[in-house]
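I opened a fresh page for a structure I had not looked at before. My plan was to look up a few things and jot down what I found.

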Amino acid sequence: MFLIVILMIVLHNQILYRIVMDRELYHAVLHGDKKFFENLQVSDSYDLLEVTSGHKNSIIHVAAKCGEMQIAEKLIALCPSLLHQTNAKGDSPLHIAARLGRFQMTQLLINCAKLVEVEGEKKLVRMQNLDKDTALHEAARNGHFEIVSLLIYEDPELAQIVNNAGESSLFLALDRKFYKIARLILEVAPTCSYGGRNSMNVLHVAIIRADKNFMSEVLKRCPSAIAEADKFGWIPLQYAAYLGNAEVVELLLQFDTSLAYAKDKEGMTALHIAAKAGHGYVIQQLIAKYPDIPELLDNRDQTALHVAAESGKRSVVKIFLSISVSADLINDRDKDGNTPLHLAALQGHYEALLLLVNDYRVDKCAVNNIGLTTFDIIKSSVQLKQHEKARI
């Protein structure tokens with residue numbers, strides 16, 4: 001029994017010794033020492049399967065990282081299985097080459113894979129790491145146009161693959177403003193995925209990055225993207241309203257007028273969102289086209305005027321007070337019984353409060369669900385008292 005235990009310990013130590021890459025081998029690749037590899041034989045291939053102690057990189061991972069073409073070619077010829085060997089993060093050597101922008105290395109790895117893989121399988125280029133990223137994801141994320149071009153022409157279907165975050169290579173490129181890469185993917189792979197993180201699509205991110213030309217291209221190729229909501233319930237129009245981009249709001253509503261009535265998970269329309277952000281021009285634009293939308297309520301039974309008053313957006317409150325369609329909404333009560341005047345007082349927004357108080361149509365004596373008038377709220381608000389003192 002004692003001898004068996006000793007034998008197991010010895011074998012275990014040998015295994016541990018074998019799985020960690022020899023320092024001399026690592027040093028030779030790192031410094032491009034081609035002489036070191038000249039006398040390697042097929043019988044040495046077992047040694048080549050050793051990995052680094054950290055990320056568990058194989059010798060080909062190291063060669064890909066350093067861009068050592070001749071060494072990589074020699075090593076793959078001796079041990080073809082290294083092409084598909086992954087490290088601790090699930091990265092193949094191709095992932096690393098694509099991430100670091102090693103074009104010639106990427107080309108070499110793809111060409112070598114064609115020689116050893118079953119015809120038509122394209123296994124290496126489609127390999128996904130632990131984040132489900134392909135080499136195309138890595139190249140697109142890091143802005144390596146030539147490598148994206150190489151990969152996408154090699155296998156256009158790569159553009160259909162999304163990672164764990166739901167991101168397509170097209171989304172990653174556009175999100176980082178690599179427009180040349182994004183347009184290439186659209187041209188070469190028309191059936192590419194438009195998906196992105198948090199259930200967004202490329203139209204969402206095109207609006208965020210303010211690329212109107214790309215928006216038009218997406219709308220032509222994927223018109224359904226205009227009505228798709230992200231995980232917060234925001235469609236592209238709501239992002240345009242939040243950013244105050246009236247031109248994009250106009251463009252999107254030309255495609256689908258019903259979008260103006262769409263609500264997010266909190267029941268907020270584009271008008272509510274623009275009111276909260278204080279974008280008066282977008283509000284005027286929306287109301288001019290859809291005079292009934294100021295009546296729309298969110299999940300708290302608040303109109304856009306409530307939201308503007310609560311957010312202290314004086315200029316927006318002024319717009320609502322100036323239009324006739326809002327006349328009967330000025331004293332509307334939300335779920336808590338608060339009018340816009342109550343909300344401005346509760347949040348201590350003195351300028352918006354003063355604007356409402358000076359409007360003769362506003363009911364200054366309105367009582368909310370807990371029996372408070374605006375005057376009661378003002379009496380207990382230190383912030384509003386300070387404003388009043390400064391005014392006197």
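My entries below go from the whole chain to single residues.

**Entry 1: the model as a whole**

I began by noting that this is a predicted model. I looked up the confidence next: the mean pLDDT of the chain is 87, and 83% of the residues reach 70 or more. Where does pLDDT stay under 50? I found that stretch at residues 2-19, for which the model has five contacts beyond four places in sequence. A reminder to myself: predicted coordinates should not be read in detail where pLDDT is low.

**Entry 2: the chain in numbers**

I looked up the helices and strands, and the chain has 24 helices and zero strands. How many of the residues count as buried? The chain has 392 residues, and 48% of them count as buried. For the surface I wrote down an accessible area of about 19200 Å², with 54% of it belonging to carbon and sulfur atoms. I also checked the contacts between residues at least 6 apart in sequence, and 71% of these join residues at least 24 apart.

**Entry 3: one helix, two faces**

I picked helix H6, which covers residues 69-78. Which residues of H6 are buried? My list reads Ile71, Ala72, Leu75, Ile76 and Leu78. I then looked down the axis of H6: the buried residues fall within an arc of 160°, so they line one face of the helix. A helpful thought here is that an α-helix has 3.6 residues a turn, so residues three or four places apart point the same way. On the face of H6 turned away from the buried side I found the exposed residues Gln70 and Ala77.

**Entry 4: aromatic rings**

I looked for ring pairs and found three aromatic pairs in the structure. Why is the pair of Tyr261 and Tyr290 called edge-to-face? The ring centres are 5.8 Å apart and the planes stand at 85°, and an angle over 60 degrees counts as edge-to-face, so this pair qualifies. Next I checked where the two tyrosines sit. Tyr261 is in the loop between helix H16 (246-255) and helix H17 (270-277), while Tyr290 is in the loop between helix H18 (280-289) and helix H19 (304-311). The two are 29 residues apart, and the pair links distant parts of the chain. Their exposure went into my notes too: Tyr261 is partly exposed at 34% relative accessible area, whereas Tyr290 is buried at 8%.

I also found a cluster in which ring pairs link Trp234, Tyr239 and Tyr242. One more ring caught my eye: the charged end of Lys180 sits over the ring of Phe145, 4.3 Å from the ring centre.

**Entry 5: two lysines with positive phi**

I looked up backbone angles, keeping in mind that most residues other than glycine have a negative phi. Lys132 has a positive phi of about 65°, and Lys177 has a positive phi near 65°. Where do these lysines lie? I placed Lys132 in the loop between helix H8 (103-116) and helix H9 (135-141), and Lys177 in the loop between helix H11 (169-175) and helix H12 (179-188). Lys132 is partly exposed, with 39% relative accessibility, and Lys177 is partly exposed, with 49%.

**Entry 6: two aspartates in loops**

Is Asp359 buried or exposed? I found it buried, since its relative accessible area of 11% is under the 20% cut-off. Asp359 is in the loop between helix H22 (350-357) and helix H23 (374-380). Setting aside neighbours within four places in sequence, Asp359 is in contact with Leu321 and Lys364.

Asp301 is in the loop between H18 and H19, and it is partly exposed at 31% relative accessibility. Beyond four places in sequence, Asp301 touches His306, Arg333, Asp334 and Lys335. I noted one C-alpha distance as well: Asp301 and Asn338 are 10.0 Å apart in space and 37 residues apart in sequence.

**Entry 7: a last tyrosine**

I ended in helix H18 with Tyr281, which is exposed at 61% relative accessible area. The C-alpha atoms of Tyr281 and Ala241 are separated by 9.9 Å, with their positions 40 residues apart along the chain.

Conventions:
Residues are numbered from 1 along each chain as its sequence is written. This is a predicted model: local features need pLDDT of at least 70, side-chain atom pairs count only at pLDDT 80 or more; totals for chains, interfaces and linings use all residues. Side-chain values use heavy atoms; hydrogens and water are left out. Rings of Phe, Tyr and Trp (its six-membered ring) pair if their centres lie within 6.5 Å; planes under 30 degrees apart count as stacked, over 60 as edge-to-face and the rest as tilted. Helices (H or I, at least four residues) and strands (E, at least two) are DSSP runs, numbered from the N terminus. Buried means under 20% relative accessible area, exposed over 50%, partly exposed in between (1.4 Å probe, protein chains only). A charge sits over a ring if NZ of Lys or CZ of Arg is within 6 Å of the ring centre and within 35 degrees of the ring normal. Contact means heavy atoms within 4.5 Å. Accessible areas come from the Shrake-Rupley method with a 1.4 Å probe; for residues, only the protein chains shown count as cover. pLDDT is the predictor's confidence in each residue, from 0 to 100. The arc is that of the directions from the helix axis to the C-beta atoms.
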